[in-house]
Amino acid sequence: MLTTPKGFPSDFMWGGAVAANQCEGAWDVDGKGISVADINEFYDNIAVDKKENGEITAEYVRGAIAAGPERIFPKRNAIDFYHTYPEDLKLLAGLGLKTFRTSIDWARIFPNGDDAEPNEAGLAFYDRLFDEIRANGMEPLVTISHYEMPINLTLNYTGWYSREVIDFFVRYCQVVFDRFASKVKYWVVVNQVNFVALESFNHLGVAADKVDDLLSAKYQAVHHELLAMAKATKYAHEHYPDLQIGVMVGGSLAYAASSKPADVLAAMRHNQMECFCTDILLRGVYPGYATRFFEDFGIHVEVSDEDLAVWADPAALGDFFAMSYYYTEMVTAEGFAQNNRGTRNPELEASPWGWTVDPQGFRFMLNMYYDRYQKPVYILENGLGAYDKVEEDGSIHDTYRIDYLRAHIEQLREAILDGVDVRGYYAWGPIDIVSCSSSEMSKRYGFIYVDLDDYGHGTGKRSLKDSYAWYQKVIATNGEDLA
């Protein structure tokens, strides 16, 4: 008998998500090494819609490491979650969260990336953190690599472009699986693995002045990363068969900018390349459209038969598809021919940071991805970065955030009615954290306000916004009451 779902499944995983580098701080505590996030700098003289993580040189990295207090690196201190997590998790549990996503800071476990032994103090911290998450009634979902590569791997190697990093990363994954398999069932190996251009240094650790052909180096780096992910996934499946290993992308499927056939074809090709990583890690095949793309744009990637055999092993493939969703873009034939990123849709409103608000695009992507992979789906990031005002009485009336989330959760429910097997939804940054792209505190996502500014000044006091009670109600009613 054919039936249509009536709403969210009874066991739906309502959650919240953060990243270690954006919340923990304690950048030089208990043996932690310097990571790529620790040299993300805040600039107050750049327009907000131009603030993003671009290409970085090894020369810049060395200068950032040696910089004095006149330069601001907000992720080094963040919101001090490393020390405040017991209190913060209690506040998050008060939302009724069923699950909480965070990451393990690679540089906290292997300070240099190539260390002979892991840092026990770092492992012990995550033992305490995961225990506390579970004690507060939340299922942990953990990302192993979320823009936290040890900086040594960018300076003394060439990030993921260096094939040696494959073995370093696989060993890191084996250590965390062995240590935490009894505490963490759900894993994502790499955050937003398809972000080759948008977060190229943060993601891949390839310093622009260490390679001759940066575009080819990026795709060679992703190739090595995909190999490492498959090997780590195989290890987990063979040693801990109860674990669920996911593959996560940043939702980046685009619309054609017009009805012109050339624009439609360009959008198709753009969307194929946004599925390049997941086609390999969920289907086990190196797609022909990717080799065509490499040829058309003069990109050289060395792929051996031994490499292809790694992905051909079903044990190396992911168990679920995961994505972040923030905005959509449009693609033109002219832009694609120049390998440019998409353009902003003039039909849609945008945040001050230029991120378009497109709830229906959320449903569009969920259907497109599920049609392609037929795997359980988890939304691991969705939210609105906005300026919040604290009133004289301490209240924060963030109706704009409620409106944004309501519209997206409504479209998420529509996707479930369409037949998409969505298992969980994680609001991004349920407590204010440092922005990934702009290194600002003032770009806030949370239901919980943290009294810190872009310069790290403030009391650090936590306060509840109006959206806290709203999301609490959404979870309590399993998505039925969105008013």
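Biologist: Before we turn to this predicted model, what is the expected span of a helix?
Modeller: The expected span of a helix is 1.5 Å times one less than its number of residues. Helix α16, residues 399–417, has 19 residues, and its reach from the first C-alpha to the last is close to what is expected at 1.5 Å a residue, namely 27 Å.

Biologist: Which elements do the buried residues of α16 pack against, and what is the phi of Gly-419?
Modeller: The buried residues of this helix include Arg-401, Tyr-404, Leu-405, His-408 and Leu-412. The buried residues of α16 pack against the strands β1 (13–17), β7 (320–325), β9 (377–382) and β10 (422–428), and against the helices α15 (359–373) and α17 (466–476). Gly-419 follows α16, and its phi is positive, near 105°.

Biologist: Is Arg-76 buried or exposed, and what is its relative accessible area?
Modeller: Arg-76 lies in the loop between α2 (58–66) and α3 (81–94). Leaving aside residues up to four places away in sequence, Arg-76 touches Gly-25, Ala-26, Trp-27, Asp-38, Ile-39, Ala-64 and Ile-65. Since buried means under 20% relative accessible area, Arg-76 counts as buried, and its value is 10%.

Biologist: How many Å apart in space are Arg-76 and Asp-28?
Modeller: In sequence, Arg-76 and Asp-28 are 48 residues apart. In space, taken from C-alpha to C-alpha, the distance between Arg-76 and Asp-28 is 8.1 Å.

Biologist: Why is strand β5 described as largely enclosed, and which residue in β7 stands opposite Met-248?
Modeller: Strand β5, residues 244–250, is largely enclosed by the rest of the structure because six of its seven residues are buried. Strand β4, residues 186–190, runs parallel to β5 and is joined to it by three bridges, while five bridges join β5 to β7, again in parallel. In the pairing of β5 with β7, the residue opposite Met-248 is Ala-322.

Biologist: Which residue in β5 stands opposite Trp-187?
Modeller: Among the residues that Trp-187 touches, not counting those up to four places away in sequence, are Leu-243, Gln-244, Ile-245 and Gly-246, as well as Val-142, Phe-180 and Phe-320. The residue standing opposite Trp-187 in β5 is Ile-245.

Biologist: How many residues has the largest nonpolar core, and which helix gives the largest share?
Modeller: The largest nonpolar core has 159 residues, and those with the most contacts inside it are Trp-187, Phe-276, Tyr-425 and Tyr-471. The largest share of this core, 12 residues, comes from the helix formed by residues 214–239, which is α9.

Conventions:
Residues numbered from 1 in each chain as written. Predicted model: local features only at pLDDT ≥ 70, side-chain atom pairs only at ≥ 80, totals over all residues. Heavy atoms only, no water. Core = buried A, V, L, I, M, F, W, Y, C linked by side-chain atoms within 4.5 Å. Buried < 20%, exposed > 50% of the residue type's maximum accessible area, 1.4 Å probe, protein only. Helix = DSSP H or I, 4+ residues; strand = E, 2+ residues; numbered from the N terminus. Contact = heavy atoms within 4.5 Å. Pairing = 2+ DSSP bridges.
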